[in-house]
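Biologist: I have not seen this one before. Can you put it up and take me through it?

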Amino acid sequence: MSSRSAEQMPVKINVKTDIRKLGSKETFELTAFGRYYIKDSARFLQYDEVMEEGTVKTIIKMSDADGLILRSGAVKMRLPFRMNKKLRGSYETPYGVFEMGTVTKRMVHQYDHESGEGSIDILYDLKMQGSQAGTYHLAITFEEENNEHS
C-alpha cells in the first residue's frame, strides 16, 4: 500500500458535541463528507456544513502540541487548542466579533492507515466575551469512503 500522506482522502465524518453548563447537557450531532490529509507534521480534517445562514467550511488542524478549528463562510470562527493553556480565539458575526477563550483539558487524535478510520477527541472549557460558556466535548470520528463518487 502506498503512502498517502499528501493525498487528500475522502472520508465520512461524524461530529458529536456535548456541552455541559450549569448542570445541564446539550448534545449536537452532525454527519458530513469531507477530506482527511497530512501536511508537514499536521493532520487536517476538512468538511462543509450547511446551515440556515449558508454553507460553513470547517478545517480542523491537529499537530502533536496544538489543535485549531477554523470555520469560514456563513460563520467565521478561529478556536485554538493547547493542553492546559488559555488561548484566545474569535467568532465573527454580522453584528461584530466576539472574543472566545479555550482551556484544553484533553486533546487526542489518531488515525489507522489499515482500517482508514480515525478520531479526534477534544475536551475544553469555553469562554465567550469573558463569560463561561460551558465545557465542550468534541468527539469526531471519520472513516475512509470506499466509493469514488462522493
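Modeller: What follows goes from the whole chain to a few of its strands. This is a predicted model, where local features need pLDDT of at least 70, side-chain atom pairs count only at pLDDT 80 or more, and totals for chains, interfaces and linings use all residues. Residues are numbered from 1 along each chain as its sequence is written, and side-chain values use heavy atoms, with hydrogens and water left out.

Biologist: How many helices and strands are there in the chain?

Modeller: The chain has 0 helices and 10 strands. Helices (H or I, at least four residues) and strands (E, at least two) are DSSP runs, numbered from the N terminus.

Biologist: What is the radius of gyration of the chain?

Modeller: Its radius of gyration is 16 Å, close to the 15 Å from the globule rule for 150 residues, so the chain is as compact as a globular protein of that length. That radius is taken over C-alpha atoms, and the rule is 2.2 Å times the number of residues to the power 0.38.

Biologist: Now β4, which strand does it pair with?

Modeller: Strand β4 (residues 54-62) pairs with β5 (residues 66-73) in the antiparallel sense, over 7 bridges. Two strands pair if DSSP finds at least two bridges between them. A hairpin with 3 residues links β4 to β5, and V56 is opposite G73 in β5.

Biologist: And how many bridges join β5 to β6?

Modeller: There are 6 bridges between β5 and β6 (residues 76-82), again antiparallel. These strands form a hairpin with 2 residues between them, and D66 stands opposite R82 in β6.
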